[in-house]
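Student: I've got a new structure open and I'd like to practise reading it. Can we go through it question by question?

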Amino acid sequence: MTQEDLFKNLIAHTKEYGFIFPSSEIYDGLGAVYDYGQLGSELKNNIKRYWWEAMVRLNENIVGIDSAIFMHPKIWEASGHVGAFNDPLIDNKDSKKRYRADVLLEDYIAKLEEKIHKEVEKGKKKFGDGFNREQFLATNPNVLRNAAKIQSVKERMTAALKANDLAALKQLILDCEITCPVSGSRNWTDVRQFNLMFSTQLGNISDESGIIYLRPETAQGIFVNFLNVQKTGRMKIPFGIAQIGKAFRNEIVARQFIFRMREFEQMEMQFFVRPGEELDWFKKWKEIRLKWHEALGLGKEKYRYHDHEKLAHYANAATDIEFEFPFGFKELEGIHSRTDFDLKRHQEYSGRKIQYFDPETNESYIPYVIETSIGLDRTVLAVLSGAYREEKLDNGEERTVLKIHPALAPVKLAVLPLVKKDGLPQMAREILETLKYDFNCQYDEKDSIGKRYRRQDAIGTPLCITIDHQSLEDGCVTLRDRDSMLQERVPVGELPQMVESRVSMKNLLKQVK
Ligand code: GAP
């Protein structure tokens, strides 16, 4: 099955089992906006908890806040979002469809990469065991031609974006002979910049002065509260402020499911450090954050760093942690060394002194900042796509299973009486009663036990317990593991401890500390 088909199946699966629904579906949906269903919200809450506890609870020098979505409009002038939070857009004159110029080019690059991939697969088949991948990539003429094209397009695109040269971007699209996916024509307009912020009107002020924005990132809520938190929390540098919350961007390219949304959630942390020490901290946070991702067990090879060549004017280092989504490696988290840009701008625009007195050096200064910024929805997508499997079993049956890390799984345990009579449901309910305070459990007595196991596999429940007639006599139940499908008999009294040791967040957190 191709990655594309697998991705389609995953999207259908998340809807069928109550993870993610298109927003406003009964009104035919709203582009790039999604709702989380009963299981999706459990998963999302577990991811939030994993991030929050790894950041705030385990680090004495990091605290968390929850700032408002609406903020003073001047904040977005100070941050640069009013002037420069833009995407370069191009319209096709025939289809009237609008695209992001850089995304059209990235798609073109992805097609060339796919050609290389196909050529490699052909080579593998042709040469069998004697196939040498490195040698093949270094010598095959088709591969070399496409690799050179990719290199050239990337270089020209980076240079055009860096110089904000919109004419050069358009020329590159024309030179690559990129056509509109809808009309198939190359009848393009010029490339123009388009601001991504959503605006609305404050109270009863109807003119320009009442314009207020939905925040496009949560970070500014942290910057403008720097002094509040530092003073009231008696925080000493280095220290961090973390926040989880909604952000809004009027994205033009609305696709790839929950990868690029118009309303999404971010988990951001600003770490305030002494000027001059920022690059050491940047390196440390890069490592810490990768470890956090890798602990989820989706495979280390699924992650990579992408260091930015083109740095924003306020940054002196930046990297993305990319994840291999079904549509290729894409940004999951950004780690930026943002210098003192934001605090300095807020000092300038607000007229308030935003400085820190360092008791160790006896100096006052504007701290430098390392930011870690991860998309919560993208993490949900990474977890789901990394965990989704369509398996053929030894007995010829098939199952769809979500091998989500047990600590993140929406339901931890299913309690299943083998039959709906003979006192088995009563015993099952008694067990549920003792476990439900610690674990999110499901009770299910409908259909055959095999079907019930499949239903739990499909939603990623790590453990099932089955209560049978023997349980009434010996007080033991069958504990079944989702991944190995192995079953063991365990005394009911040992269940709380056994379940805890398999699904606890503590075990996961210990890996990142
Ligand atoms: N404060 C820095 C900042 O906002 P960003 O790279 O624009 O940086 C950070 O966003 C993270 O937010 C990204 O790595 C991504 O995971 C997530 N993100 C950004 N735009 C998104 C969108 N339209 N839909 C879903 N997630 C998004």
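Tutor: Sure, and keep in mind that this is a predicted model. Let's start with the ligand: by class, five nonpolar, four polar and 10 charged residues make up the shell around it.

Student: Which residues around the ligand are the closest?

Tutor: The ligand is surrounded by 19 residues. The closest ones are Glu217, Glu251, Met261, Glu268 and Glu331.

Student: How far is a nitrogen atom of the ligand from an N or O atom in the side chain of Glu268?

Tutor: Let's take Glu251 as a warm-up: an N or O atom in its side chain is 2.8 Å from a ligand nitrogen. A polar contact needs N or O atoms within 3.5 Å. For the side chain of Glu268, the distance to a nitrogen atom of the ligand is 2.5 Å.

Student: And which residue has a backbone N or O atom 3.0 Å from an oxygen atom of the ligand?

Tutor: Here you should look at the backbone rather than a side chain. The ligand's partner atom is an oxygen, and the residue is Gly375.

Student: How much of the ligand's accessible area does the protein cover?

Tutor: On its own, the ligand has 550 Å² of accessible area. The share of this that the protein covers is 91%.

Student: Which element gives the largest share of the shell around the ligand?

Tutor: Three elements give two or more residues to that shell: β10 (263-273), β13 (328-337) and β16 (368-375). The largest share is four residues, and they come from β13.

Student: Let's move to β4. Why is strand β4 largely enclosed by the rest of the structure?

Tutor: Strand β4 covers residues 86-91, six in total. A residue is buried when its relative accessible area is under 20%. Strand β4 is largely enclosed because the number of its residues that are buried is five of the six.

Student: Over how many bridges do β4 and β6 pair?

Tutor: Strand β6 spans residues 192-195, and its pairing with β4 is antiparallel. Pro88 stands opposite Gln193 there. The number of bridges between β4 and β6 is four.

Student: Which residue in the turn of the hairpin of β4 and β5 has a positive phi?

Tutor: First, the pairing: β4 and β5 (residues 98-100) are antiparallel over three bridges, with Leu89 opposite Arg100. Six residues sit between the two strands of the hairpin. In that turn, the residue with a positive phi, about 65 degrees, is Lys96.

Student: What about the hairpin of β17 and β18: which residue takes a positive phi there?

Tutor: Strands β17 (residues 388-392) and β18 (residues 398-402) pair in the antiparallel sense over five bridges. Arg389 stands opposite Val401 in β18. The hairpin has five residues between its strands, and the one with a positive phi near 90 degrees is Gly396.

Student: Now a helix. Within what arc do the buried residues of α18 fall?

Tutor: In α18 (residues 505-512), the buried residues are Met505, Leu508, Leu509 and Val512. They line one face of the helix, because seen down its axis they fall within an arc of 95 degrees.

Student: Which residues are exposed on the other side of α18?

Tutor: Exposed means a relative accessible area over 50%. On the other side of α18, the exposed residues are Lys506 and Lys510.

Student: Any odd backbone geometry? Which two residues does a cis peptide bond join?

Tutor: Most peptide bonds are trans. Here omega is about 5 degrees, and one partner, Pro238, lies in the loop between α10 (226-232) and β9 (239-248). The pair joined by the cis bond is Ile237 and Pro238.

Student: Is Asn164 buried, partly exposed or exposed, and what is its relative accessible area?

Tutor: Asn164 lies in the loop between α7 (141-162) and α8 (166-175). It has a positive phi of about 50 degrees, although it is not a glycine. Partly exposed runs from the 20% cut-off to 50%, so Asn164 counts as partly exposed, with a relative accessible area of 49%.

Student: Last one: what is the relative accessibility of Asp447?

Tutor: You'll find Asp447 in the loop between β20 (441-443) and α15 (449-459). Its phi is positive too, near 70 degrees. Asp447 counts as partly exposed, because its relative accessibility is 32%.

Note on methods: Residues numbered from 1 in each chain as written. Predicted model: local features only at pLDDT ≥ 70, side-chain atom pairs only at ≥ 80, totals over all residues. Heavy atoms only, no water. Near = heavy atom within 4 Å. Polar contact = N/O pair within 3.5 Å; in protein donor to acceptor, adjacent residues only side chain to side chain. Areas by Shrake-Rupley, 256 points an atom, 1.4 Å probe, with all protein chains shown as cover. Nonpolar A, V, L, I, M, F, W, Y, C, P; charged D, E, K, R; others polar. Buried < 20%, exposed > 50% of the residue type's maximum accessible area, 1.4 Å probe, protein only. Pairing = 2+ DSSP bridges. Arc of directions from axis to C-beta.
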